[in-house]
Amino acid sequence: MTTWIADVPTDGTVELRPDPRALDSLGRNHSLETALADLVDNSIDAGARNVLIRFIRVGTRLTGLYVVDDGRGMTPDSIDTAMTLGGRRRYSGTDLGRFGVGLKAASFSQAASLTVLTRAAGHSAVGRRWVHGDDRASFHCDLVPTAFADAELDRPWAVSTSPSGTVIRWDQVAGFPATDDPLQVRTFLSRAIDHLRGHLGLMFHRILAAGDTRIVIDVEDVDGGVGIPTEVGPLDPFGYPKPPPGWPRTLTADVGDTRLSITCHIWPRRSNTDEYRLPGGAENRQGLYFYRRNRLLHAGGWEGIHAPDKKLQLARASIDIDGDVAGIFTMNPEKSRVTAGPDFARAVTTARADDGTTIADYLQAAESTWVVSNRRATGQRRPVVPPGKGLNPKVVREIVDELPQINDQPLNILWAKFDNDDFFEVDRTTTTLRLNNRYRAAVLGGRRGGLNDAPLLKAVIFLLMENVFQGAILGARDKDNIELWQQILTVAARTELASYAGRS
Ligand SMILES: Nc1ncnc2c1ncn2[C@@H]1O[C@H](COP(=O)(O)OP(=O)(O)OP(=O)(O)O)[C@@H](O)[C@H]1O
Ligand SMILES: [Mg+2]
(Lines give C-alpha, C1' and ligand atoms only; values in the text may rest on other atoms or scores of the structure.)
(Ligands and ions follow the chains in the order given, each with its own letter.)
Protein backbone atom coordinates (compact mmCIF):
# COMPACT_ATOMS: atom_id res chain seq x y z
CA MET A 1 0.00 0.00 0.00
CA THR A 2 1.37 3.49 -0.96
CA THR A 3 0.27 7.04 -0.08
CA TRP A 4 -0.66 7.84 -3.70
CA ILE A 5 -4.21 9.15 -4.29
CA ALA A 6 -5.79 8.89 -7.70
CA ASP A 7 -7.84 12.13 -7.68
CA VAL A 8 -6.50 15.54 -6.75
CA PRO A 9 -8.92 17.29 -4.35
CA THR A 10 -9.68 21.04 -4.76
CA ASP A 11 -11.59 23.51 -2.58
CA GLY A 12 -12.43 26.47 -4.79
CA THR A 13 -10.90 28.39 -7.74
CA VAL A 14 -8.95 31.56 -8.25
CA GLU A 15 -8.92 33.43 -11.56
CA LEU A 16 -5.43 34.03 -12.87
CA ARG A 17 -5.54 36.34 -15.83
CA PRO A 18 -2.58 35.97 -18.13
CA ASP A 19 -0.06 38.76 -17.83
CA PRO A 20 -0.19 40.79 -21.04
CA ARG A 21 3.53 40.30 -21.40
CA ALA A 22 2.73 36.72 -22.34
CA LEU A 23 2.16 38.19 -25.79
CA ASP A 24 5.91 38.64 -26.11
CA SER A 25 6.36 34.91 -26.33
CA LEU A 26 4.11 34.55 -29.35
CA GLY A 27 5.30 33.57 -32.76
CA ARG A 28 8.94 33.16 -31.83
CA ASN A 29 9.40 30.60 -34.58
CA HIS A 30 8.35 33.03 -37.26
CA SER A 31 10.50 34.63 -39.90
CA LEU A 32 9.26 37.50 -42.05
CA GLU A 33 8.23 35.00 -44.73
CA THR A 34 6.35 32.63 -42.45
CA ALA A 35 4.66 35.51 -40.64
CA LEU A 36 3.45 36.99 -43.92
CA ALA A 37 2.29 33.56 -45.06
CA ASP A 38 0.06 33.51 -41.97
CA LEU A 39 -1.51 36.81 -43.01
CA VAL A 40 -1.95 35.52 -46.55
CA ASP A 41 -3.78 32.50 -45.04
CA ASN A 42 -6.26 34.91 -43.50
CA SER A 43 -6.75 36.75 -46.79
CA ILE A 44 -7.38 33.47 -48.58
CA ASP A 45 -9.87 32.42 -45.89
CA ALA A 46 -11.61 35.74 -46.44
CA GLY A 47 -12.05 34.81 -50.11
CA ALA A 48 -9.55 37.35 -51.41
CA ARG A 49 -8.77 37.21 -55.13
CA ASN A 50 -5.91 39.65 -54.75
CA VAL A 51 -3.37 40.13 -52.00
CA LEU A 52 -0.80 42.91 -51.97
CA ILE A 53 2.26 43.00 -49.73
CA ARG A 54 3.74 46.48 -49.62
CA PHE A 55 6.96 47.69 -48.06
CA ILE A 56 6.92 51.34 -46.99
CA ARG A 57 10.05 53.43 -47.34
CA VAL A 58 10.29 56.92 -45.84
CA GLY A 59 13.34 58.65 -47.31
CA THR A 60 15.77 55.78 -47.53
CA ARG A 61 14.55 53.98 -44.41
CA LEU A 62 12.13 51.10 -44.38
CA THR A 63 9.50 51.71 -41.75
CA GLY A 64 6.48 49.54 -42.25
CA LEU A 65 4.64 46.95 -44.19
CA TYR A 66 1.09 46.43 -45.36
CA VAL A 67 -0.91 43.42 -46.41
CA VAL A 68 -3.98 44.45 -48.35
CA ASP A 69 -6.71 42.17 -49.68
CA ASP A 70 -10.03 42.36 -51.42
CA GLY A 71 -11.64 39.63 -49.32
CA ARG A 72 -14.85 39.75 -47.31
CA GLY A 73 -13.46 42.05 -44.64
CA MET A 74 -14.79 42.13 -41.09
CA THR A 75 -17.86 43.77 -39.70
CA PRO A 76 -17.72 46.16 -36.74
CA ASP A 77 -19.24 43.31 -34.68
CA SER A 78 -16.68 40.69 -35.58
CA ILE A 79 -13.45 42.66 -35.48
CA ASP A 80 -13.03 42.41 -31.72
CA THR A 81 -13.10 38.63 -31.83
CA ALA A 82 -10.58 38.78 -34.64
CA MET A 83 -8.24 40.93 -32.55
CA THR A 84 -8.59 38.68 -29.52
CA LEU A 85 -5.86 36.19 -28.83
CA GLY A 86 -7.42 32.79 -29.34
CA GLY A 87 -10.64 34.44 -30.56
CA ARG A 88 -12.13 31.78 -32.80
CA ARG A 89 -14.89 31.80 -35.30
CA ARG A 90 -16.68 28.88 -36.88
CA TYR A 91 -14.30 27.35 -39.40
CA SER A 92 -15.37 25.66 -42.61
CA GLY A 93 -13.81 22.50 -44.00
CA THR A 94 -11.57 24.48 -46.34
CA ASP A 95 -10.42 27.20 -43.94
CA LEU A 96 -6.72 27.60 -43.30
CA GLY A 97 -7.38 29.27 -39.93
CA ARG A 98 -7.64 27.09 -36.89
CA PHE A 99 -6.15 28.49 -33.67
CA GLY A 100 -7.35 32.09 -33.55
CA VAL A 101 -3.84 33.37 -32.94
CA GLY A 102 -2.20 33.65 -36.38
CA LEU A 103 -2.74 37.33 -37.04
CA LYS A 104 -1.55 38.42 -33.62
CA ALA A 105 1.36 36.00 -33.30
CA ALA A 106 2.64 36.67 -36.81
CA SER A 107 2.39 40.43 -36.36
CA PHE A 108 3.98 40.63 -32.93
CA SER A 109 6.81 38.42 -34.05
CA GLN A 110 7.74 41.09 -36.59
CA ALA A 111 6.38 44.50 -35.67
CA ALA A 112 5.87 46.81 -32.69
CA SER A 113 2.33 47.57 -33.68
CA LEU A 114 -0.44 45.88 -35.59
CA THR A 115 -3.26 47.92 -37.07
CA VAL A 116 -6.23 46.28 -38.74
CA LEU A 117 -8.50 48.36 -40.97
CA THR A 118 -11.33 46.54 -42.58
CA ARG A 119 -14.60 46.92 -44.37
CA ALA A 120 -17.30 44.33 -44.99
CA ALA A 121 -19.81 44.96 -47.79
CA GLY A 122 -22.71 47.06 -46.54
CA HIS A 123 -20.91 48.00 -43.32
CA SER A 124 -18.82 50.95 -42.37
CA ALA A 125 -15.08 50.65 -42.08
CA VAL A 126 -13.61 49.82 -38.72
CA GLY A 127 -10.10 49.84 -37.28
CA ARG A 128 -8.24 48.48 -34.29
CA ARG A 129 -4.66 48.67 -33.17
CA TRP A 130 -2.54 46.55 -30.87
CA VAL A 131 0.72 48.02 -29.65
CA HIS A 132 3.20 45.48 -28.55
CA GLY A 133 5.90 46.11 -25.99
CA ASP A 134 7.37 45.55 -22.59
CA ASP A 135 5.35 48.30 -20.98
CA ARG A 136 2.05 46.68 -21.90
CA ALA A 137 -0.09 46.77 -18.78
CA SER A 138 -3.38 45.40 -20.03
CA PHE A 139 -5.15 43.75 -22.89
CA HIS A 140 -6.70 47.04 -24.01
CA CYS A 141 -6.82 47.37 -27.78
CA ASP A 142 -6.92 50.83 -29.38
CA LEU A 143 -9.95 51.94 -31.39
CA VAL A 144 -9.02 53.62 -34.67
CA PRO A 145 -11.33 56.41 -35.89
CA THR A 146 -13.56 55.42 -38.80
CA ALA A 147 -12.28 58.31 -40.92
CA PHE A 148 -8.73 56.97 -40.65
CA ALA A 149 -9.86 53.41 -41.40
CA ASP A 150 -11.62 54.72 -44.51
CA ALA A 151 -8.60 56.72 -45.56
CA GLU A 152 -6.25 53.75 -45.20
CA LEU A 153 -8.61 51.43 -47.05
CA ASP A 154 -9.01 53.95 -49.84
CA ARG A 155 -5.33 54.59 -50.45
CA PRO A 156 -4.42 53.82 -54.05
CA TRP A 157 -3.53 50.17 -53.58
CA ALA A 158 -3.22 47.91 -56.59
CA VAL A 159 -6.02 45.93 -54.88
CA SER A 160 -9.51 47.31 -54.57
CA THR A 161 -10.87 47.30 -51.01
CA SER A 162 -14.32 48.30 -52.15
CA PRO A 163 -16.96 46.99 -51.52
CA SER A 164 -14.96 44.93 -49.03
CA GLY A 165 -11.39 44.35 -48.02
CA THR A 166 -8.83 44.45 -45.28
CA VAL A 167 -5.64 46.37 -44.67
CA ILE A 168 -3.17 44.97 -42.14
CA ARG A 169 -0.52 47.50 -41.20
CA TRP A 170 2.72 46.77 -39.38
CA ASP A 171 4.77 49.62 -37.98
CA GLN A 172 8.34 49.45 -36.71
CA VAL A 173 9.21 46.11 -38.19
CA ALA A 174 12.05 44.69 -36.11
CA GLY A 175 13.82 42.87 -38.92
CA PHE A 176 14.14 45.92 -41.16
CA PRO A 177 17.63 47.41 -41.36
CA ALA A 178 18.13 50.20 -38.83
CA THR A 179 20.10 52.25 -41.31
CA ASP A 180 19.59 55.00 -43.85
CA ASP A 181 22.31 53.68 -46.08
CA PRO A 182 20.48 53.38 -49.41
CA LEU A 183 22.69 50.56 -50.64
CA GLN A 184 22.06 48.40 -47.58
CA VAL A 185 18.35 49.12 -47.69
CA ARG A 186 18.19 48.25 -51.37
CA THR A 187 20.12 45.03 -50.83
CA PHE A 188 17.87 44.11 -47.93
CA LEU A 189 14.73 44.80 -49.95
CA SER A 190 15.75 42.82 -52.96
CA ARG A 191 16.71 39.84 -50.78
CA ALA A 192 13.54 40.10 -48.71
CA ILE A 193 11.37 40.22 -51.83
CA ASP A 194 13.28 37.30 -53.30
CA HIS A 195 12.80 35.21 -50.16
CA LEU A 196 9.15 36.15 -49.97
CA ARG A 197 8.52 35.21 -53.57
CA GLY A 198 10.21 31.89 -52.99
CA HIS A 199 8.47 31.10 -49.73
CA LEU A 200 4.97 32.24 -50.66
CA GLY A 201 5.30 30.79 -54.16
CA LEU A 202 6.16 27.43 -52.61
CA MET A 203 3.67 27.38 -49.74
CA PHE A 204 0.74 28.55 -51.85
CA HIS A 205 1.73 26.94 -55.14
CA ARG A 206 -1.45 24.92 -55.53
CA ILE A 207 -3.66 27.89 -54.73
CA LEU A 208 -1.70 30.22 -57.02
CA ALA A 209 -1.66 27.71 -59.85
CA ALA A 210 -5.42 27.25 -59.57
CA GLY A 211 -5.69 30.98 -60.26
CA ASP A 212 -7.98 31.62 -57.29
CA THR A 213 -5.71 34.14 -55.65
CA ARG A 214 -2.95 36.43 -56.87
CA ILE A 215 -0.19 37.73 -54.63
CA VAL A 216 1.92 40.74 -55.56
CA ILE A 217 4.69 42.55 -53.71
CA ASP A 218 5.64 46.19 -54.16
CA VAL A 219 7.50 49.04 -52.50
CA GLU A 220 6.10 52.50 -51.84
CA ASP A 221 8.35 55.49 -51.41
CA VAL A 222 6.26 57.76 -49.32
CA ASP A 223 7.65 60.87 -51.00
CA GLY A 224 8.09 59.30 -54.40
CA GLY A 225 5.71 56.72 -55.71
CA VAL A 226 5.07 53.04 -55.94
CA GLY A 227 7.55 50.75 -57.64
CA ILE A 228 6.75 48.07 -60.19
CA PRO A 229 5.00 45.17 -58.47
CA THR A 230 6.52 41.70 -58.36
CA GLU A 231 4.09 38.87 -58.83
CA VAL A 232 4.45 35.74 -56.73
CA GLY A 233 4.34 32.82 -59.14
CA PRO A 234 3.61 29.24 -58.10
CA LEU A 235 6.71 27.24 -57.25
CA ASP A 236 5.70 23.62 -57.61
CA PRO A 237 8.16 21.20 -55.95
CA PHE A 238 6.72 18.49 -58.20
CA GLY A 239 6.98 20.61 -61.35
CA TYR A 240 9.26 18.35 -63.37
CA PRO A 241 8.71 18.08 -67.13
CA LYS A 242 8.33 14.29 -67.26
CA PRO A 243 8.80 11.76 -64.45
CA PRO A 244 10.74 8.51 -64.86
CA PRO A 245 8.48 5.74 -66.23
CA GLY A 246 6.21 4.21 -63.61
CA TRP A 247 6.27 7.20 -61.24
CA PRO A 248 4.67 8.79 -59.23
CA ARG A 249 3.08 6.02 -57.18
CA THR A 250 0.72 6.38 -54.28
CA LEU A 251 1.41 4.33 -51.18
CA THR A 252 -1.25 3.95 -48.52
CA ALA A 253 -1.23 2.79 -44.91
CA ASP A 254 -3.89 2.64 -42.27
CA VAL A 255 -3.08 4.10 -38.91
CA GLY A 256 -6.00 3.45 -36.60
CA ASP A 257 -8.97 4.97 -38.40
CA THR A 258 -6.88 7.20 -40.56
CA ARG A 259 -5.81 6.29 -44.05
CA LEU A 260 -2.51 7.84 -44.93
CA SER A 261 -1.67 8.39 -48.62
CA ILE A 262 1.82 9.24 -49.70
CA THR A 263 2.31 10.20 -53.32
CA CYS A 264 5.90 9.34 -54.12
CA HIS A 265 7.50 11.36 -56.91
CA ILE A 266 10.91 11.07 -58.50
CA TRP A 267 12.42 13.90 -60.47
CA PRO A 268 13.94 12.49 -63.67
CA ARG A 269 17.24 14.27 -63.03
CA ARG A 270 18.76 17.27 -61.36
CA SER A 271 17.61 20.49 -62.92
CA ASN A 272 18.40 24.19 -62.97
CA THR A 273 14.78 25.23 -62.62
CA ASP A 274 13.48 27.11 -59.58
CA GLU A 275 11.04 24.25 -59.03
CA TYR A 276 13.87 21.84 -58.50
CA ARG A 277 16.20 24.10 -56.62
CA LEU A 278 13.64 25.61 -54.25
CA PRO A 279 14.56 28.07 -51.48
CA GLY A 280 17.17 26.42 -49.27
CA GLY A 281 18.60 24.22 -52.03
CA ALA A 282 17.36 20.97 -53.54
CA GLU A 283 19.51 18.80 -51.33
CA ASN A 284 17.63 20.07 -48.27
CA ARG A 285 14.28 19.74 -49.96
CA GLN A 286 14.20 15.98 -50.45
CA GLY A 287 11.58 14.10 -48.50
CA LEU A 288 8.05 14.76 -47.40
CA TYR A 289 5.77 17.62 -48.35
CA PHE A 290 2.81 18.06 -46.03
CA TYR A 291 -0.21 19.88 -47.36
CA ARG A 292 -3.27 21.00 -45.47
CA ARG A 293 -6.19 22.24 -47.52
CA ASN A 294 -3.91 22.79 -50.50
CA ARG A 295 -1.55 24.98 -48.51
CA LEU A 296 1.94 23.52 -48.17
CA LEU A 297 2.95 23.49 -44.51
CA HIS A 298 6.27 21.81 -44.59
CA ALA A 299 8.65 21.26 -47.46
CA GLY A 300 11.13 18.42 -47.18
CA GLY A 301 12.76 16.21 -44.58
CA TRP A 302 12.23 12.51 -43.93
CA GLU A 303 10.71 12.66 -40.44
CA GLY A 304 12.51 9.61 -39.17
CA ILE A 305 11.96 7.45 -42.27
CA HIS A 306 15.45 7.96 -43.57
CA ALA A 307 18.47 10.20 -43.06
CA PRO A 308 19.03 12.98 -45.60
CA ASP A 309 21.24 11.75 -48.39
CA LYS A 310 22.67 13.53 -51.41
CA LYS A 311 21.59 10.58 -53.54
CA LEU A 312 17.96 10.95 -52.48
CA GLN A 313 17.57 14.49 -53.73
CA LEU A 314 15.30 13.45 -56.59
CA ALA A 315 12.78 12.02 -54.11
CA ARG A 316 9.87 14.20 -53.01
CA ALA A 317 6.64 12.80 -51.67
CA SER A 318 3.42 14.64 -50.89
CA ILE A 319 1.02 13.91 -48.06
CA ASP A 320 -2.29 15.67 -47.61
CA ILE A 321 -3.24 15.95 -43.97
CA ASP A 322 -5.98 17.76 -42.21
CA GLY A 323 -4.34 19.32 -39.21
CA ASP A 324 -3.37 17.15 -36.29
CA VAL A 325 -3.98 13.47 -36.49
CA ALA A 326 -3.58 12.15 -32.98
CA GLY A 327 -0.34 10.28 -32.54
CA ILE A 328 0.74 10.79 -36.14
CA PHE A 329 1.15 14.49 -36.82
CA THR A 330 1.01 17.81 -35.10
CA MET A 331 1.17 21.13 -36.89
CA ASN A 332 2.87 24.01 -35.09
CA PRO A 333 0.77 27.16 -34.55
CA GLU A 334 2.96 29.07 -37.01
CA LYS A 335 1.84 26.48 -39.57
CA SER A 336 5.40 26.27 -40.77
CA ARG A 337 6.17 22.75 -39.52
CA VAL A 338 4.54 19.42 -39.17
CA THR A 339 6.00 17.08 -36.59
CA ALA A 340 5.46 13.41 -37.10
CA GLY A 341 5.19 11.15 -34.08
CA PRO A 342 6.74 7.66 -33.79
CA ASP A 343 3.57 6.05 -35.18
CA PHE A 344 4.21 7.80 -38.44
CA ALA A 345 7.55 6.19 -39.28
CA ARG A 346 6.06 2.84 -38.29
CA ALA A 347 3.01 3.38 -40.51
CA VAL A 348 5.18 4.39 -43.43
CA THR A 349 7.11 1.12 -43.30
CA THR A 350 3.82 -0.74 -43.77
CA ALA A 351 2.60 1.47 -46.61
CA ARG A 352 2.10 -0.19 -49.97
CA ALA A 353 1.10 0.85 -53.47
CA ASP A 354 -1.43 -1.25 -55.41
CA ASP A 355 1.43 -3.10 -57.07
CA GLY A 356 3.11 -3.77 -53.72
CA THR A 357 5.73 -1.00 -53.93
CA THR A 358 7.09 -0.09 -50.48
CA ILE A 359 8.81 3.03 -49.24
CA ALA A 360 12.11 1.16 -49.38
CA ASP A 361 11.49 0.40 -53.08
CA TYR A 362 10.75 4.06 -53.64
CA LEU A 363 13.94 5.26 -51.99
CA GLN A 364 15.89 2.68 -53.92
CA ALA A 365 14.34 3.79 -57.22
CA ALA A 366 15.04 7.44 -56.43
CA GLU A 367 18.63 6.65 -55.65
CA SER A 368 19.23 4.66 -58.81
CA THR A 369 17.59 7.40 -60.89
CA TRP A 370 20.06 9.80 -59.29
CA VAL A 371 23.07 7.59 -59.90
CA VAL A 372 22.16 6.89 -63.53
CA SER A 373 21.28 10.48 -64.42
CA ASN A 374 24.36 11.79 -62.69
CA ARG A 375 26.66 9.40 -64.45
CA ARG A 376 25.17 10.48 -67.72
CA ALA A 377 25.58 14.16 -66.94
CA THR A 378 29.02 14.37 -65.40
CA GLY A 379 30.63 11.09 -66.40
CA GLN A 380 32.29 12.32 -69.56
CA ARG A 381 33.33 15.67 -68.20
CA ARG A 382 36.94 16.35 -67.44
CA PRO A 383 37.55 16.64 -63.67
CA VAL A 384 38.53 20.02 -62.26
CA VAL A 385 40.39 21.33 -59.23
CA PRO A 386 37.84 21.96 -56.46
CA PRO A 387 36.74 25.62 -56.27
CA GLY A 388 38.03 27.46 -53.16
CA LYS A 389 37.99 30.93 -51.63
CA GLY A 390 36.94 34.01 -53.54
CA LEU A 391 34.24 32.37 -55.62
CA ASN A 392 30.62 33.12 -54.92
CA PRO A 393 28.97 30.17 -53.12
CA LYS A 394 26.34 29.86 -55.83
CA VAL A 395 29.05 29.50 -58.46
CA VAL A 396 30.86 26.98 -56.26
CA ARG A 397 27.70 24.92 -55.92
CA GLU A 398 27.17 24.92 -59.64
CA ILE A 399 30.74 23.81 -60.35
CA VAL A 400 30.55 21.09 -57.70
CA ASP A 401 27.22 19.90 -59.04
CA GLU A 402 28.25 19.86 -62.67
CA LEU A 403 31.83 18.68 -62.65
CA PRO A 404 33.73 15.82 -61.10
CA GLN A 405 36.63 17.05 -59.00
CA ILE A 406 40.15 15.84 -58.57
CA ASN A 407 41.24 15.15 -55.04
CA ASP A 408 43.49 18.16 -54.56
CA GLN A 409 43.83 21.56 -52.83
CA PRO A 410 40.97 23.91 -53.76
CA LEU A 411 41.75 26.82 -56.06
CA ASN A 412 41.41 30.28 -54.49
CA ILE A 413 40.86 33.33 -56.66
CA LEU A 414 41.76 36.44 -54.70
CA TRP A 415 42.58 40.08 -55.31
CA ALA A 416 46.09 41.17 -54.28
CA LYS A 417 48.38 44.14 -54.50
CA PHE A 418 50.81 43.79 -57.41
CA ASP A 419 53.84 45.95 -58.13
CA ASN A 420 53.31 45.65 -61.87
CA ASP A 421 50.48 45.91 -64.40
CA ASP A 422 49.87 42.19 -64.90
CA PHE A 423 46.25 41.15 -64.61
CA PHE A 424 46.90 37.90 -62.74
CA GLU A 425 49.48 35.74 -61.11
CA VAL A 426 49.52 31.96 -60.82
CA ASP A 427 50.75 30.63 -57.47
CA ARG A 428 50.77 26.88 -57.64
CA THR A 429 52.34 26.40 -54.21
CA THR A 430 49.27 27.80 -52.43
CA THR A 431 46.84 26.92 -55.27
CA THR A 432 45.92 30.56 -55.57
CA LEU A 433 45.22 32.70 -58.57
CA ARG A 434 45.74 36.34 -57.68
CA LEU A 435 44.09 39.18 -59.54
CA ASN A 436 45.67 42.62 -59.61
CA ASN A 437 43.86 44.94 -57.20
CA ARG A 438 44.60 47.87 -59.51
CA TYR A 439 41.75 46.74 -61.79
CA ARG A 440 39.30 45.82 -59.08
CA ALA A 441 37.27 49.04 -58.90
CA ALA A 442 36.96 49.10 -62.69
CA VAL A 443 35.79 45.49 -62.77
CA LEU A 444 33.26 46.19 -60.03
CA GLY A 445 32.13 49.33 -61.84
CA GLY A 446 31.51 51.22 -58.61
CA ARG A 447 29.94 48.39 -56.64
CA ARG A 448 31.30 47.48 -53.26
CA GLY A 449 33.84 44.66 -53.22
CA GLY A 450 34.02 41.64 -50.95
CA LEU A 451 35.72 38.28 -50.76
CA ASN A 452 33.26 36.78 -53.23
CA ASP A 453 32.90 39.76 -55.55
CA ALA A 454 33.05 39.72 -59.37
CA PRO A 455 31.39 36.28 -59.68
CA LEU A 456 31.25 36.36 -63.47
CA LEU A 457 34.90 37.27 -63.97
CA LYS A 458 36.07 34.73 -61.40
CA ALA A 459 33.92 31.95 -62.83
CA VAL A 460 35.37 32.60 -66.30
CA ILE A 461 38.89 32.68 -64.89
CA PHE A 462 38.23 29.43 -63.03
CA LEU A 463 37.03 27.64 -66.15
CA LEU A 464 39.87 29.01 -68.25
CA MET A 465 42.75 28.43 -65.88
CA GLU A 466 41.92 25.75 -63.32
CA ASN A 467 43.79 23.05 -65.21
CA VAL A 468 47.17 24.78 -64.83
CA PHE A 469 46.77 23.99 -61.12
CA GLN A 470 46.47 20.29 -61.82
CA GLY A 471 49.43 17.92 -61.76
CA ALA A 472 52.83 18.08 -60.13
CA ILE A 473 54.65 20.05 -62.80
CA LEU A 474 53.71 22.81 -65.17
CA GLY A 475 54.05 21.66 -68.78
CA ALA A 476 55.41 23.79 -71.63
CA ARG A 477 51.97 24.15 -73.09
CA ASP A 478 50.55 25.45 -69.80
CA LYS A 479 53.37 27.94 -69.52
CA ASP A 480 52.70 29.21 -73.01
CA ASN A 481 48.98 29.48 -72.26
CA ILE A 482 49.62 31.47 -69.09
CA GLU A 483 51.77 33.90 -71.05
CA LEU A 484 49.14 34.23 -73.74
CA TRP A 485 46.30 34.83 -71.25
CA GLN A 486 48.45 37.32 -69.37
CA GLN A 487 49.04 39.40 -72.51
CA ILE A 488 45.46 39.42 -73.64
CA LEU A 489 43.83 39.86 -70.25
CA THR A 490 46.20 42.60 -69.20
CA VAL A 491 45.31 44.59 -72.33
CA ALA A 492 41.64 43.97 -71.63
CA ALA A 493 42.02 45.02 -68.00
CA ARG A 494 43.87 48.22 -68.94
CA THR A 495 41.10 49.06 -71.37
CA GLU A 496 38.53 48.43 -68.66
CA LEU A 497 40.45 50.71 -66.30
CA ALA A 498 40.73 53.49 -68.89
CA SER A 499 37.03 53.45 -69.65
CA TYR A 500 36.19 53.40 -65.94
CA ALA A 501 38.53 56.35 -65.25
CA GLY A 502 37.03 58.20 -68.21
CA ARG A 503 33.55 57.74 -66.80
CA SER A 504 34.18 59.24 -63.37
N1 LIG B 1 -7.58 39.57 -44.04
C2 LIG B 1 -8.67 39.25 -43.32
N3 LIG B 1 -9.92 39.38 -43.84
C4 LIG B 1 -11.01 39.05 -43.12
N5 LIG B 1 -10.98 38.55 -41.87
C6 LIG B 1 -9.78 38.41 -41.29
C7 LIG B 1 -8.57 38.73 -41.97
N8 LIG B 1 -7.55 38.49 -41.15
C9 LIG B 1 -8.07 38.01 -40.01
N10 LIG B 1 -9.41 37.95 -40.09
C11 LIG B 1 -10.33 37.49 -39.05
O12 LIG B 1 -9.61 37.46 -37.85
C13 LIG B 1 -9.69 36.18 -37.27
C14 LIG B 1 -8.46 35.92 -36.47
O15 LIG B 1 -7.37 35.69 -37.34
P16 LIG B 1 -6.16 34.84 -36.82
O17 LIG B 1 -5.22 34.67 -37.95
O18 LIG B 1 -5.63 35.45 -35.57
O19 LIG B 1 -6.82 33.46 -36.43
P20 LIG B 1 -7.44 32.34 -37.39
O21 LIG B 1 -7.12 32.64 -38.81
O22 LIG B 1 -8.88 32.24 -37.04
O23 LIG B 1 -6.68 31.04 -36.89
P24 LIG B 1 -5.10 30.75 -37.00
O25 LIG B 1 -4.52 31.05 -35.67
O26 LIG B 1 -5.06 29.32 -37.32
O27 LIG B 1 -4.55 31.63 -38.05
C28 LIG B 1 -9.95 35.24 -38.40
O29 LIG B 1 -10.61 34.08 -37.97
C30 LIG B 1 -10.82 36.07 -39.31
O31 LIG B 1 -12.15 36.02 -38.89
MG1 LIG C 1 -5.09 33.01 -39.42
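Between domain 2 and domain 3 of this predicted model, two residue pairs are in polar contact, both at pLDDT 80 or more. On the side of domain 2 that touches domain 3, the residues divide by class into one polar and three charged, with no nonpolar residue among them. Two salt bridges are likewise counted between domain 2 and domain 3. The side chains of R270 and E402 meet in a salt bridge, with a distance of 3.4 Å from N to O; by the domain assignment, R270 falls within domain 2 (249-376) and E402 within domain 3 (393-503).

The area that domain 2 and domain 3 bury between them amounts to about 370 Å², of which 15% lies on carbon and sulfur atoms. The centres of these two domains, taken over C-alpha atoms, are separated by 43 Å, and the contact draws on four residues from domain 2 and four residues from domain 3. The assignment of the protein chain also includes domain 1, which spans residues 20-231.

Turning to the ligand, 20 residues are found around ligand 1, and those that come nearest are R89, Y91, R98, G102 and K335. With respect to the domain bounds, R89, Y91, R98 and G102 lie within domain 1 (20-231), whereas K335 lies within domain 2 (249-376).

Oxygen atoms of ligand 1 are placed close to polar atoms of both the side-chain and the backbone kind. An N or O atom in the side chain of N42 is 2.8 Å from an oxygen atom of ligand 1. For G102, one of the residues that come nearest to the ligand, the partner is a polar backbone atom, which is 2.7 Å from an oxygen atom of ligand 1. A polar backbone atom of L103 is likewise found 2.9 Å from a ligand 1 oxygen atom. Taken alone, ligand 1 exposes 600 Å², and 94% of that area is buried by the protein.

Key. Residues are numbered from 1 along each chain as its sequence is written. Chains are lettered from A and ligands numbered from 1 in the order in which they are written. This is a predicted model: local features need pLDDT of at least 70, side-chain atom pairs count only at pLDDT 80 or more; totals for chains, interfaces and linings use all residues. Side-chain values use heavy atoms; hydrogens and water are left out. Domain bounds come from an automatic or database domain assignment. Contact means heavy atoms within 4.5 Å. Buried area is the accessible area (1.4 Å probe) that two parts lose on being put together, summed over both. A salt bridge is a side-chain nitrogen of Lys or Arg within 4 Å of a carboxyl oxygen of Asp or Glu. A polar contact is a pair of N or O atoms within 3.5 Å; within protein, one must be able to donate a hydrogen and the other to accept it, and residues adjacent in sequence count only if both atoms are side-chain atoms. Ala, Val, Leu, Ile, Met, Phe, Trp, Tyr, Cys and Pro count as nonpolar, Asp, Glu, Lys and Arg as charged, and the others, Gly among them, as polar. A residue is near a molecule or strand if one of its heavy atoms lies within 4 Å of it. Accessible areas come from the Shrake-Rupley method with a 1.4 Å probe; for residues, only the protein chains shown count as cover.
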